[in-house]
Protein chains: 2
Amino acid sequence: MSVLSRFLEGDIRALSKVISHIEDRAKGYQDLLGTLYEKAGKSLRIGITGPPGAGKSTLVNGLAHEYLNDGMRVGVVAVDPTSPFTGGALLGDRVRMNEFPPGDRFYFRSMATRGASGGLAAATGNVTVALDAFGFDITLIETVGVGQVELDIINACDTVVVTVVPESGDAVQTMKAGLMEIADIFVVNKSDRPGAERLGMDLKQMLRARPVKPESWKIPIIDTVAVERKNVDLLRRKIDEHIGFIKNNGQLEQHRRQQIEKKILSIIKYQFQREFLETLGKDVDFEAIIDKIMKGTTNPFKAADELYTTFSGK
Amino acid sequence: MSVLSRFLEGDIRALSKVISHIEDRAKGYQDLLGTLYEKAGKSLRIGITGPPGAGKSTLVNGLAHEYLNDGMRVGVVAVDPTSPFTGGALLGDRVRMNEFPPGDRFYFRSMATRGASGGLAAATGNVTVALDAFGFDITLIETVGVGQVELDIINACDTVVVTVVPESGDAVQTMKAGLMEIADIFVVNKSDRPGAERLGMDLKQMLRARPVKPESWKIPIIDTVAVERKNVDLLRRKIDEHIGFIKNNGQLEQHRRQQIEKKILSIIKYQFQREFLETLGKDVDFEAIIDKIMKGTTNPFKAADELYTTFSGK
């Protein structure tokens with residue numbers, strides 16, 4: 001029986017194999033991924049982001065429990081911090097892996113930042129599609145910070161939870177960081193610590209000060225103590241509420257369509273690049289062009305223009 | 001007189017205007033940038049990277065002084081941290097701007113991470129080309145961390161200085177972060193603090209353990225106290241030494257050629273995307289295709305394949 005058949009029958013080991021196959025871009029991975037896309041579309045994607053030390057992993061753990069207790073199937077994708085100077089991710093993984101009994105109702109995958117040259121967002125997206133096609137009801141996607149790669153990942157989520165803690169700076173910094181623009185829900189975690197109340201109040205004030213349309217989603221601020229699982233159930237209800245909201249007003253579908261559009265464009269660009277590089281390898285003296293640019297007798301824009309015209313004319 | 005003429009005559013206000021023009025992608029910016037490329041190629045690009053709080057700004061300041069004192073012209077490009085949770089960059093900028101007298105021998109530019117959707121590395125590269133064409137001998141490029149965007153920026157540098165401090169973690173973390181692979185020079189800054197000696201020794205041991213060819217550059221480790229400008233002169237000499245080394249063995253030219261190749265490819269991909277999107281807008285019912293994908297009767301790969309064939313056949 002093929003790996004795909006076993007995957008479609010719900011064999012969790014086949015899921016791991018399928019993901020590895022796609023991540024390695026092994027032979028035929030596009031056809032495989034294409035098939036997964038046709039099966040996918042039902043799973044909800046919840047992004048949890050915030051600074052290092054905000055307790056995202058614990059929060060994700062808690063949320064996973066909430067959904068699992070309701071009989072749902074939960075996938076977790078943890079994207080390692082872009083900043084490699086904090087080394088906490090690995091230990092976190094191991095803790096979580098042990099906390100849930102093996103079975104086909106929970107799956108955890110850690111994505112490494114390094115090595116995935118420019119393609120981490122795409123790789124994360126692909127894993128999410130695999131989990132979706134496998135039948136997980138919920139995928140929790142955990143990222144640190146809001147660099148470009150993280151933004152691409154977060155933008156692919158249906159609901160975005162931004163987690164802050166008193167230690168991570170004040171509300172002004174949060175706003176400056178552009179987190180107001182991506183948050184559907186704010187969580188003030190470690191809310192039993194000094195400064196938490198103040199942070200929550202400042203956030204509230206800033207949210208109030210923003211111009212919002214009457215029909216817009218009202219971004220809630222939830223105080224949690226994730227290690228004690230305090231208010232994690234409330235967070236889960238708010239997530240469900242947000243999903244309901246965007247389902248009703250058509251935003252969810254709109255969002256999914258945009259994601260598909262982006263995916264198609266990225267596949268096509270990749271295809272173009274491959275063909276173009278092939279042509280370049282065969283028909284063009286690229287080194288001679290670079291020589292000229294090095295000498296300053298032409299420049300990359302003129303060269304690109306000529307090369308593109310040659311390629312398009314073929 | 002046109003801005004470009006004033007730029008070429010060394011008017012520093014024209015430099016600012018040219019950079020803004022390029023950053024805004026204002027009308028004709030490609031021709032302008034193309035012309036700058038033809039004038040550029042002489043400036044050396046020194047990348048300074050490391051974790052937040054490693055004292056990079058102070059180090060860059062010190063290096064700028066070293067070069068200015070020798071009568072050289074120095075540009076500084078500071079790329080704001082990807083992680084927006086640390087808010088130190090803005091203050092640092094102001095301090096630096098005031099420290100150097102106005103004139104055409106020093107120029108400072110801060111690049112914002114947010115907003116530059118996917119294009120921060122390209123934008124930084126463009127500014128560097130403008131500084132180069134303007135006649136700066138040295139461009140110091142400061143980045144935080146090693147996410148993909150930062151890696152792209154650092155890879156465009158001729159010499160990469162990785163700055164660590166005892167607080168930023170041990171040598172193992174530095175290695176795990178992939179910093180061993182990008183460093184041409186290590187700096188242990190704040191070397192008067194506890195743990196600095198140990199960090200330096202561990203780094204040395206790890207560098208020794210790496211397999212290196214006899215003809216390879218030997219990565220030095222320099223202890224500095226940037227706030228006291230201690231050993232910044234030594235760092236500067238090591239940078240000069242590294243530049244001499246890669247000039248002699250042809251690596252510098254090889255590296256510059258690769259950068260040009262990458263630039264040409266990115267221009268062409270952009271051009272392709274624009275034309276493709278135009279075609280899409282006119283000739284294709286994209287919404288109908290997305291409908292089918294949403295229903296699971298086709299997938300993004302099949303759709304991309306068909307669209308690409310249509311476009312190529314035109």
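Biologist: Let's start in chain B: which residue of β4(B) stands opposite B:Gly50?
Modeller: Bear in mind that this is a predicted model. Strand β1 (residues 44-50) of chain B pairs with strand β4 (residues 138-144) of chain B in the parallel sense, over seven bridges. The residue of β4(B) facing B:Gly50 is B:Val144.

Biologist: Which are the edge strands of the sheet in chain B?
Modeller: The sheet is open, has seven strands with parallel pairing, and follows the order β3-β2-β4-β1-β5-β6-β7 in chain B. Each edge strand pairs on one side only, and the two strands that do so are β3 (106-111) and β7 (221-223) of chain B.

Biologist: By how many degrees are neighbouring strands of that sheet turned against each other on average?
Modeller: We're still on the chain B sheet with the order β3-β2-β4-β1-β5-β6-β7. Ignoring direction, the average turn between its neighbouring strands is 20 degrees.

Biologist: How do α2 and α6 of chain B lie, roughly parallel or roughly antiparallel?
Modeller: Helix α2 (residues 12-23) and helix α6 (residues 120-134) of chain B have axes that come within 10 Å and cross at roughly 155 degrees. Angles over 145 degrees count as roughly antiparallel. That makes the arrangement of α2(B) and α6(B) roughly antiparallel.

Biologist: How many of the residues in the contact of α2(B) with α6(B) are nonpolar?
Modeller: On the α2(B) side, B:Leu15, B:Val18, B:Ile19, B:Ile22 and B:Glu23 take part, and they meet B:Ala123, B:Asn126, B:Val127, B:Ala130 and B:Phe134 of α6(B). Sorted by class, there is one charged residue and one polar one, and the nonpolar count is eight.

Biologist: Over to chain A: why is one side of β3 and of β7 left without a neighbour in the sheet?
Modeller: Chain A has an open sheet of seven strands with parallel pairing, in the order β3-β2-β4-β1-β5-β6-β7. β3 (106-111) and β7 (221-223) of chain A stand at its edges, so one side of each has no neighbour, and each has a single partner strand.

Biologist: Which residue of β3(A) stands opposite A:Gly75?
Modeller: The strand β2 (residues 74-79) of chain A runs parallel to β3(A), and six bridges join the two. Opposite A:Gly75 in β3(A) is A:Tyr107.

Biologist: At about what angle does α11 of chain A run to β6(A)?
Modeller: Helix α11 (residues 232-248) of chain A lies across four strands, namely β1 (44-50), β5 (159-164), β6 (185-188) and β7 of chain A. Its angle to β6(A) is about 170 degrees.

Biologist: What is the handedness of the crossing of α3(A) and α6(A), left or right?
Modeller: Helix α3 (residues 29-39) and helix α6 (residues 120-134) of chain A pack at about 55 degrees, with axes 8 Å apart. They are therefore oblique to each other. A:Leu33, A:Leu36, A:Tyr37 and A:Lys39 of α3(A) make the contact with A:Asn126, A:Val129, A:Ala130 and A:Ala133 of α6(A). The crossing of α3(A) and α6(A) is left-handed.

Biologist: What distance separates the centres of domain 1 and domain 3 of chain A?
Modeller: The domain assignment splits chain A into domain 1 (1-39), domain 2 (41-249) and domain 3 (264-312). Taken over C-alpha atoms, the centres of domain 1 and domain 3 of chain A are separated by 35 Å.

Biologist: Now between the chains: at roughly what angle do α12(A) and α12(B) cross?
Modeller: Helix α12 spans residues 251-283 in chain A and residues 251-283 in chain B, and the two axes come within 10 Å. The crossing is right-handed. The angle is roughly 125 degrees.

Biologist: How many charged residues does the contact of α12(A) with α12(B) hold?
Modeller: A:Ile268, A:Lys269, A:Phe272, A:Gln273 and A:Phe276 of α12(A) meet B:Ile268, B:Lys269, B:Phe272, B:Gln273 and B:Phe276 of α12(B). Six of the contact residues are nonpolar, two are polar, and the charged ones number two.

How values were computed. Residues are numbered from 1 along each chain as its sequence is written. Chains are lettered from A and ligands numbered from 1 in the order in which they are written. This is a predicted model: local features need pLDDT of at least 70, side-chain atom pairs count only at pLDDT 80 or more; totals for chains, interfaces and linings use all residues. Axes are lines fitted to C-alpha atoms, for helices over the stretch in contact, and angles run from 0 to 180 degrees between N-to-C directions. A crossing is left-handed if the near helix is turned anticlockwise from the far one by less than a right angle, and right-handed if clockwise. Two residues are in contact if their C-beta atoms, placed from the backbone, lie within 7 Å. Ala, Val, Leu, Ile, Met, Phe, Trp, Tyr, Cys and Pro count as nonpolar, Asp, Glu, Lys and Arg as charged, and the others, Gly among them, as polar. Domain bounds come from an automatic or database domain assignment. Two strands pair if DSSP finds at least two bridges between them. Angles under 35 degrees count as roughly parallel, over 145 as roughly antiparallel, 65 to 115 as roughly perpendicular and the rest as oblique.
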